[in-house]
Amino acid sequence: MSTPASTPHPHAPLPFVEEILLLALDDSTGALRPMPVMGLDYALAGALLADLALANRIDTDPEKLVVIDRAPTGDPLLDRALGTIASSPAPQSVAHWLGVFASERATLERAALERLVARGILAEQEKKFLWVFGVRRYPTVDNQERVEVRTRLSALILGDDLPDPRDAILISLLTASHLLSRIFDEPRYHARGERIATLARMDLVGREVAAAIDTLARVLRSATPVMGM
Amino acid sequence: MQVTSSARGAWTILSLEGKVDTAGAEILKAALLPLLSAGPASVALDFAKVAYITSAGFRVLLLAEKEQRKNNGRLLLAHLGPDLRNFFEIAGLHTVLRLVPDLDAALAAEC
């Protein structure tokens, strides 16, 4: 198979929290793409931890997440999360912190949307539904970021190059939240399932996000009465 | 973590001792990446005295493997203990990195 040349990051990448939310929004409607129950909650929580990890503030192993540097990053969202983790009397697992920050989805989502609007990537639009209810949508103003990240990830999925650590994290989070299969919904990507699974395993936080979402889906399935019995 | 460098034929052997955590990963990165990015290099990492690695360590190894592939080099990881190897396998990195049980045998086969 030919190997597409990997495309470098052309400029400073977006923080993962913003990147994940941007990719979770449908380009044309500005609405969230369908995701599993709590898929976005855990994906944003994982993105927050990944941002802290790449800022060299936390590190992880299969048992625990540890704070390695309490110095503020200058990003209020990250610094609040760092303060929460640092105030824990004992190190906790990645799964524990995913649960904590998944419960803050509304805050993370709101902050990420505001930042994407401030960057000129999205616009905020209020629409009336049934003439009464307000529905907020975020249509795309500047699609360059989405196009660049998709081009890069597409080359990675279809080729044989190794990802850089940042793209490994991104693919892992997108796969865990079932967004990757919606973004790359063509037969040539379906045929690369094994490759995607290999790439998605490379990041520990992403693996834990996948485990949390899958566990929740199993619990919900087992709690749903079977119709027609 | 400490890194001791030695040479065997065309190979540079970096013997690691301690934890490849955030601090250790930075030390490893400083020792390893200049070797791999200078051109086609042959580097073996001896993990015999490493019992612990974190995500930060994996990120450096992923970067190093990417760099050596770009420059047509060679990178071997030798003497990983069972716990460490298990962690590599969970992350699927045993499929992208060359893990060898015996460094001497691997180098003899490469020469």
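These questions and answers go through a predicted model and ask what stands behind each label.

Reader: What makes B:T22 buried?
Author: Its relative accessibility is 13%. Buried means under 20%, so B:T22 counts as buried. The residue lies in helix α1 of chain B.

Reader: Which residues does B:T22 touch, leaving out those up to four places away in sequence?
Author: B:T22 touches A:N56, A:D59, A:I68, B:T54 and B:A56. Contact here means heavy atoms within 4.5 Å.

Reader: Why is the pair B:T22 and A:D59 called a polar contact?
Author: The two side chains are joined at 2.8 Å. The cut-off for a pair of N or O atoms is 3.5 Å, and one atom must be able to donate a hydrogen and the other to accept it. The value lies within that limit, so the pair is a polar contact.

Reader: Is A:L14 buried or exposed?
Author: Buried, because its relative accessibility is 5% and the limit is under 20%. A:L14 sits in the segment before α1 (16-24) of chain A.

Reader: What is in contact with A:L14, apart from its neighbours within four places in sequence?
Author: A:E19, A:L22, A:L116, A:R119, A:I121, A:E145 and A:R166 are in contact with A:L14. One of these, A:E145, is 131 residues apart from A:L14 along the chain, and their C-alpha atoms are separated by 8.5 Å.

Reader: What does chain A look like as a whole?
Author: Its secondary structure comes to 11 helices and 4 strands. Of its 229 residues, 46% are buried. Chain A exposes about 11000 Å², and carbon and sulfur atoms supply 57% of that area. Among its contacts with a separation of 6 or more, 68% are between residues 24 or more positions apart.

Reader: What is the strand order of the open sheet in chain B?
Author: The order is β1-β2-β3-β4-β5, with 5 strands and mixed pairing. The edge strands are β1 (2-8) and β5 (98-100), because each pairs on one side only. Neighbouring strands are turned by 25° against each other on average, direction ignored.

Reader: What makes β1(B) and β2(B) a pair?
Author: Two strands pair if there are at least two bridges between them. β1(B) and β2(B) have 7 bridges and run antiparallel, so they pair. One bridge partner of this kind is B:L16 in β2(B), for B:V3. The two strands form a hairpin with 2 residues between them. In the turn, B:G9 has a positive phi of about 60°.

Reader: How many residues of β1(B) are buried?
Author: The count is 0 among its 7 residues, and the strand is hardly covered.

Reader: How do you know that β2(B) and β3(B) pair?
Author: Strand β2 (residues 11-20) and strand β3 (residues 42-53) of chain B are joined by 9 bridges and run parallel. At least two are needed, so they pair. B:K19 stands opposite B:Y52 in β3(B). Between the strands the chain passes through helix α1 (residues 22-37) of chain B, in a right-handed β-α-β crossover.

Reader: What about β3(B) and strand β4 (residues 74-78) of chain B?
Author: They pair in the parallel sense over 5 bridges. B:A44 stands opposite B:L76 in β4(B). Here the chain crosses through helix α2 (residues 55-70) of chain B, and this β-α-β crossover is right-handed.

Reader: Where does helix α3 (residues 82-90) of chain B lie?
Author: It lies across β3, β4 and β5 of chain B, running at about 110° to β3(B).

Reader: What makes the phi of A:M38 worth a look?
Author: Most residues other than glycine have a negative phi. A:M38 is not a glycine, yet has a positive phi of about 65°. The residue lies in the loop between α1 and α2 (39-54) of chain A. A:M38 counts as partly exposed, because its relative accessibility is 29% and that class runs between 20% and 50%.

Reader: Which class does B:N72 fall into, buried or exposed?
Author: B:N72 is exposed, because its relative accessible area is 64% and the limit is over 50%. It is found in the loop between α2 and β4 of chain B. Its phi is near 55°, a positive value in a residue other than glycine.

Definitions and conventions. Residues are numbered from 1 along each chain as its sequence is written. Chains are lettered from A and ligands numbered from 1 in the order in which they are written. This is a predicted model: local features need pLDDT of at least 70, side-chain atom pairs count only at pLDDT 80 or more; totals for chains, interfaces and linings use all residues. Side-chain values use heavy atoms; hydrogens and water are left out. Buried means under 20% relative accessible area, exposed over 50%, partly exposed in between (1.4 Å probe, protein chains only). Accessible areas come from the Shrake-Rupley method with a 1.4 Å probe; for residues, only the protein chains shown count as cover. A crossover is right-handed if, with the strands pointing away from the viewer, the path from the first strand over the helix to the second runs clockwise. Axes are lines fitted to C-alpha atoms, for helices over the stretch in contact, and angles run from 0 to 180 degrees between N-to-C directions.
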